[in-house]
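User: I would like to go through the strand pairing in this model. Please keep the answers short.

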Amino acid sequence: QNQFLYVSDTQNGAVVAFSINQTTGALTTVPGSPFSLGGNPPLDPLWLVAGTDLYATGFTGTTGFTIASNGALTPVVGSPFSGGASGQAVLGQSNTTPINYFLYATNYIDPNGTISAFKVDPASGILTPIPGNFTTGSFAGPDGIVFDGTLGPFVFVALNTADKIAAFSVDPTTGALTPVPGSPFDAGISPVFLALSASQNFLYAMNFSDSSISGYTIASNGALTQVPGSPFVLKDTPGDIAATGGNFLYVTLPTSNSILGF
């Protein structure tokens with residue numbers, strides 16, 4: 001609800017929390033911050049994803065936190081959960097009644113290229129593994145991941161070492177993943193991050209090694225087709241990618257200390 005900002009502190013194995021002034025955007029540290037992931041040595045938060053709860057992927061698994069009304073974090077019972085090893089994560093929900101909540105996490109360092117899938121308990125934040133073996137191929141390097149709840153639902157995964165984008169349909173009841181026809185789809189070299197347009201009918205992949213962005217239209221069955229002009233070549237090595245509700249897309253360019261907008 002745009003009330004709090006959470007930042008990974010990998011050096012100290014913690015999550016730093018700020019409240020956001022809704023008028024000015026100014027940040028104020030949340031009481032009790034930073035919040036440790038625990039472990040000895042402390043677990044490293046690599047990727048954060050937040051909805052009603054917050055989850056942090058790391059080298060050894062995914063840690064869950066409940067979010068208090070003041071933004072403070074309390075570890076979810078059972079954390080860390082096995083899955084999300086050195087990868088990214090995404091939250092999603094079904095359009096069924098009642099609503100089912102899911103979390104999907106990529107296991108970047110797994111040679112089998114697996115994706116960990118969980119049902120999320122909306123009251124406690126506890127993750128329960130979804131039965132099934134969801135893989136992207138040997139040494140595919142699953143990395144960036146997004147959830148498209150408008151067309152599918154679908155899950156799209158950037159395969160960093162395979163130079164592909166994997167696409168899965170989501171069973172709205174169980175959360176199980178099934179590859180869509182034609183998956184995986186060609187990308188640039190070393191896709192790392194993904195972003196969906198506001199309408200969730202276009203997908204963009206940030207390709208690290210050839211400094212480009214691949215753009216795709218998403219068919220009703222989840223299949224991807226590159227848009228005219230794709231891939232879009234950047235002037236510098238990209239960092240992260242983000243899309244906004246106004247149909248704008250931004251890419252960080254770390255080596256030139258700049259942000260490129262489209």
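Analyst: Two strands count as paired if DSSP finds at least two bridges between them. The model is a predicted one.

User: Which residue in strand 10 is the bridge partner of L91?
Analyst: Strand 9 and strand 10 (residues 101–106) run antiparallel and are joined by 5 bridges. Within strand 10, L91 has as its bridge partner L103.

User: In the open sheet of 4 strands, which strands stand at the edges, and why is one side of each left without a neighbour?
Analyst: The order of this open sheet is 9-10-11-12, with antiparallel pairing. Each edge strand has a single partner strand, so one side has no neighbour in the sheet; the two are strand 9 (89–93) and strand 12 (127–129).

User: What is the average twist from one strand to the next there?
Analyst: The sheet in question has 4 strands and is open. From one strand to the next, its twist averages 30°.

User: Why is strand 13 largely enclosed by the rest of the structure?
Analyst: Buried means under 20% relative accessible area. Strand 13 (residues 142–148) is largely enclosed because its buried residues number 7 of the 7.

User: How many residues lie between strand 13 and strand 14 in their hairpin?
Analyst: Strand 13 pairs with strand 14 (residues 154–159) in the antiparallel sense over 5 bridges. One bridge partner pair is F147 and V155, the latter in strand 14. The two strands form a hairpin, and the residues between them number 5.

User: Which residue in strand 25 stands opposite Y250?
Analyst: Strand 24 (residues 249–253) and strand 25 run antiparallel, joined by 4 bridges. In strand 25, the residue opposite Y250 is G261.

Conventions:
Residues are numbered from 1 along each chain as its sequence is written. This is a predicted model: local features need pLDDT of at least 70, side-chain atom pairs count only at pLDDT 80 or more; totals for chains, interfaces and linings use all residues. Side-chain values use heavy atoms; hydrogens and water are left out. Axes are lines fitted to C-alpha atoms, for helices over the stretch in contact, and angles run from 0 to 180 degrees between N-to-C directions. Buried means under 20% relative accessible area, exposed over 50%, partly exposed in between (1.4 Å probe, protein chains only).
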